[in-house]
Amino acid sequence: MKFSFQKYLQVMNKVSLIIFREYLTRVKKKSFIIATFLGPILMGAVMFLPTYFALNTQGNKSFQVIDESGLMGAIFVSDNEVSYEYISTNLDVAKSDLLENDVDGLIYIPKFELNEPKGFALYGASNQSISTLSSIENTLELHIESLRLLASGLDKEVIDSFEANIDLNTINLSNSGGEQESSSGAATIIGYIASFMIYMFVFIYGAMCMRGVIEEKSSRIVEIVLSSVKPFELMMGKVIGIAMVGLTQFVLWILLTGGISLLISVFMSPEALEMGTANSEMSSEADMMATALSALGGINMTLVLSAFLFYFIGGYLLYGALFAAIGSASESDADAQQFMLPVTAPLIISIISLSLVLQDPHGSVSFWMSIIPFTSPIIMMMRIPFGVAPWELILSMFILILGFLFTLWIAGRIYRVGILMHGTKVNWKILAKWFMTSD
Amino acid sequence: MITIELLDVLHSLSLKFNNSMEVIKYIETTKKKKILDLIKIDHISKAYGGHQALSDVSLTIPDKSIFGLLGPNGAGKTTLIRIITKIIQQDQGKVFLNKEEITYDLVRKIGYLPEERGLYKKMKVGEQLIYLSQLKGLSRTEAVKRIKIWLEKLDLKSWWNKTVEDLSKGMAQKVQFIATVVHEPKLLILDEPFSGFDPVNADLIKNEILELRDKGATIIFSTHRMESVEELCDNIALINQSKKILDGSVKQIKEKHKQGQYIIDYKGTLPTKESFDVLSQTDLEGDLKRAHIKFHQASKPNDLIAQLIESIQLFSFSEKIPTINEIFISKVSPSHE
């Protein structure tokens, strides 16, 4: 066939008409506007409320302690979070009083042998959190250990001098030889957020694509439109138009989230500072959050954001095409269900595998899953905050491009036949037949 | 319209004849021949799985006329139309438009109203028509101008800003019709254009179709309702069970299928003769009776009159011309189980 520039322009003109229709009808919808404005508020809440609560947890737990051994001394010291009260009443009385008193638990230290400590108990009206349990156990163990050391004849001063307090700093070595301070906590959070957002975006906009195709097919407008454009042009117009809707939402979210988090941090910071100086022992969560936020600077946010954009578009095109093909084979959302699971399985597997990737972001599972185009958008976004070699990134992106070109090609072949088929019960065999049908 | 081809013919003819009248005559007939076949369908076959949808159908569709594609449901009309519009691919045969094999780009210029038609439900009428016209290549301003005229013509002026959901089925059909014709195509293909219309609106659309023909468009439409065809079509083809069983101009077909049947109103007693059969007889007012007669020498009605007036008083004599419906049924019924 001869290539004519004018014809090319005509086709592009028609495709852009389709893109704009798809885009405008969706962007004008109330649901889009609501989601766009509520999203950042929710995101802000998810990101900052835990910090806020962690920083503002008051000493609202109280325990009673009965020490029948007389060995332990005042090892439980009240602080802002937990208060301890030593009582000398009988255990049975204390137990029966426990429910009436406004107390969270009763720590019971029986008479015990140093070489065989047994019979310790925590009574409570409700289950205690693991962190509370381990903190109490820890205190008891430490004290019993030091008692044993004393009993073995060591000097108390010597024992105290053994105490060490270590805070692990993680430092990444880059090939250029520089050292980069990082926090795996921050990397984890950013990776999780980016991966989940890719997952959500691909699912939401892929499904939007599918429903759009089903709508055109079931309302029977498609044959009217197909008297003006080719099926592939119609499909591409829809896929691209919806991608633009997603991009618009993403950009608005970034802008709004930025704005809102700026507001929140301005509003929160004086209080947070005050809290930080008031109690030297912050809760562990708050501690982690604070170091994570301070280590954000160590992660290349420009890389994360631009990779996010790329993997969002690539992942969406890859799956959006398949969703469009599913739509063309279905006359209702219910029809589409049978094809949904196999198509979305790689997405779901990616999300499930995130914890594996976290354990070893540079292991072979992580590597291969970030190269295979069906899983790479989600897995790579998890890996990037931990640092990925440029060649891996480029390879993954290149294969993703090949991947979506491939799925667009397959989808186009199924779509051109399926979109005009009515009243046939479609299964995988029929899809394969449509795919094989020659032009 | 003079083409180079025509000039060549002119040149060779003026050498040959030296008589201008004859040349003009010849040119007129060649021109007619040239124009006659806008679409040529050449031995088209199509099967879906095991089902033969069309077998070896050949047709020619003359320019600037209305062509009716008739047949019962499932005969293959829509398949044929979808092959002409290149929505599906034939297994065998070719379709020519203006002597050129039809291409995708040619198809995009025609106006096509599919049998399975719908609109974007949530879109407004005006916006939707603008979108569809722009897809057909109209500029936005031109589209707005033409759509306004059409909406006024079809009584839909006040519906510009209403969504399609709010339209009745008939109104939606009118909007679809506008979408098909708004770019003023030279060739219109309408698949069951009257289905879903009440008689008033069907008439409205019928008149629009005639007007478009008079303005020079060629219109192909399919229908399973034969009665809508008679006054509308210049030419028809009958399709039944994937095969073409009949085609030609409505006049010719009717002429061909006359069976020498006459309706007579008379007084007296009909003679019994071997030259005709009385198919039915009814009593009208007074002594007046009406009979339906089949005369065996169909081409000579005068003979029949001569034989009749020997014994009866003849008040009215008319030939019973078969309707397309009757022709269709007579053609189709033997093959019906």
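**Exercise 1. Place K64(B) and judge its surroundings.**

K64(B) sits in the loop that links β2 and β3 (66-70) of chain B. Helices (H or I, at least four residues) and strands (E, at least two) are DSSP runs, numbered from the N terminus. This is a predicted model: local features need pLDDT of at least 70, side-chain atom pairs count only at pLDDT 80 or more, and totals for chains, interfaces and linings use all residues. Residues are numbered from 1 along each chain as its sequence is written, while chains are lettered from A and ligands numbered from 1 in the order in which they are written.

Next, the backbone. K64(B) is not a glycine, yet its phi is positive, about 50°.

Last, the burial class. A residue is buried if 20 or more other C-beta atoms lie within 10 Å of its own, exposed if 12 or fewer, and partly exposed in between, with C-beta atoms placed from the backbone. K64(B) counts as partly exposed because it has 16 C-beta neighbours inside 10 Å.

**Exercise 2. Do the same for R220(A).**

Start with the location. R220(A) belongs to the loop between α6 (184-218) and α7 (222-226) of chain A. Then take phi. The value is near 65°, positive in a residue other than glycine. Now count neighbours. R220(A) has 17 other C-beta atoms within 10 Å, so it is partly exposed.

**Exercise 3. Lay out the open sheet of chain B and find what packs on it.**

Begin with the order. Four strands run β2-β1-β4-β5 in chain B, with antiparallel pairing. Two strands pair if DSSP finds at least two bridges between them.

Then find the edges. β2 (51-62) and β5 (100-101) of chain B each pair on one side only.

Add the helix. α3 (residues 77-84) of chain B packs on the sheet and touches β1 (37-48), β2 and β4 of chain B. Its direction makes about 120° with that of β1(B). Axes are lines fitted to C-alpha atoms, for helices over the stretch in contact, and angles run from 0 to 180 degrees between N-to-C directions.

Finish with one pair. β4 (residues 92-97) of chain B and β5(B) are joined antiparallel over two bridges. F96(B) has E101(B), in β5(B), as its bridge partner.

**Exercise 4. Is I41(B) buried or exposed, and which residues does it touch?**

Locate it first. I41(B) lies in β1 of chain B. Count next. I41(B) is buried because 22 other C-beta atoms lie within 10 Å.

Now the contacts, meaning C-beta atoms, placed from the backbone, within 7 Å. Leaving out residues up to four places away in sequence, I41(B) touches V57(B), S58(B), L59(B) and V95(B).

Terms used
Contact = placed C-beta atoms within 7 Å.
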